[in-house]
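User: I'd like to learn how to read a protein model alongside its DNA. Could you walk me through this one?

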Amino acid sequence: MKKSDNFFDKVYQVARLIPYGRVTSYGAIAKYLGAAKSARMVGWAMNSSSNQKEEVPAHRVVNKKGLLTGKHHFDGTNLMQQLLENEGIVVIDNQIQDLETVFWNPMEELNSNFKF
DNA sequence: GTGGTGACTGACC
DNA sequence: TGGTCAGCCACCA
């Protein structure tokens, strides 16, 4: 039995809800799921995201500073950066520029519009 | 069951 | 956004 799938599944759902040209942080997702201190689990979920049937835009999930800490796990070395730049997000040296502008907060965007 | 590891964060210096 | 420390929980051997 896997009851933890629920938590992971939520992470994937939120990640897929990230709109085009926007990014969010592990902590934001974790907090939205009620596990602010379990941001690591969000990252771990992203690690397993490649194992999911539905692809998860993990490239839109970065750490709080806007650093592409997880780009190492993508096929290419700069694939993650390329994907973000393709969406209009400026990325320099693995760091997202104008993070506040492109940052997508699930707490606000999904406040009452979407509930699990 | 136990212990090491991890795509993090917040608090502190 | 320099550095360290602790917390959190799922996965794997």
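User: Which element gives the largest share of the surface near DNA strand B?

Analyst: Happy to help, and please keep in mind that this is a predicted model. Helix 3 gives the largest share of the surface near DNA strand B, with eight residues. Two elements give two or more residues each: helix 2 (26-32) and helix 3 (39-49).

User: Which residues come nearest to DNA strand B?

Analyst: There are 17 residues around DNA strand B, and G27, G43, N63, T69 and G70 come nearest. By class, the surface has six nonpolar, nine polar and two charged residues.

User: How do I read the two sides of a helix, and which residues of helix 3 are buried?

Analyst: The general idea first: an α-helix has 3.6 residues a turn, so residues three or four places apart point the same way. Now the case here. V42, A45, M46 and S49 are the buried residues of helix 3. Seen down the axis of helix 3, they fall within an arc of 100°, so they line one face of the helix. R40, N47 and S48 are exposed, on the other side of helix 3.

User: What do the buried residues of helix 4 pack against?

Analyst: Start with who they are: in helix 4 (residues 79-86), M80, Q81 and L84 are buried. Their arc, viewed down the axis of helix 4, is within 95°, so these residues line one face of the helix. The buried residues of helix 4 pack against strand 3 (91-92) and strand 4 (95-96). Just after helix 4, G88 has a positive phi of about 95°.

User: Loops puzzle me too. Is L68 buried or exposed?

Analyst: Counting neighbours settles that: a residue is buried if 20 or more other C-beta atoms lie within 10 Å of its own. L68 has 22 within that distance, so L68 is buried. L68 sits in the loop between strand 2 (61-62) and helix 4. Leaving aside residues up to four places away in sequence, L68 touches V62, M80, Q81, V91 and N94. Two of these, M80 and Q81, are among the buried residues of helix 4.

User: Stepping back, how many helices and strands does chain A have?

Analyst: Chain A has six helices and four strands, and along the sequence they follow the pattern α-β-α-α-β-α-β-β-α-α. Of the 116 residues in chain A, 31% are buried. For contacts between residues at least 6 apart in sequence, 61% join residues at least 24 apart.

Note on methods. Residues numbered from 1 in each chain as written. Chains lettered and ligands numbered in written order. Predicted model: local features only at pLDDT ≥ 70, side-chain atom pairs only at ≥ 80, totals over all residues. Near = placed C-beta within 6 Å. Nonpolar A, V, L, I, M, F, W, Y, C, P; charged D, E, K, R; others polar. Buried ≥ 20, exposed ≤ 12 C-beta atoms within 10 Å, placed from the backbone. Arc of directions from axis to C-beta. Contact = placed C-beta atoms within 7 Å.
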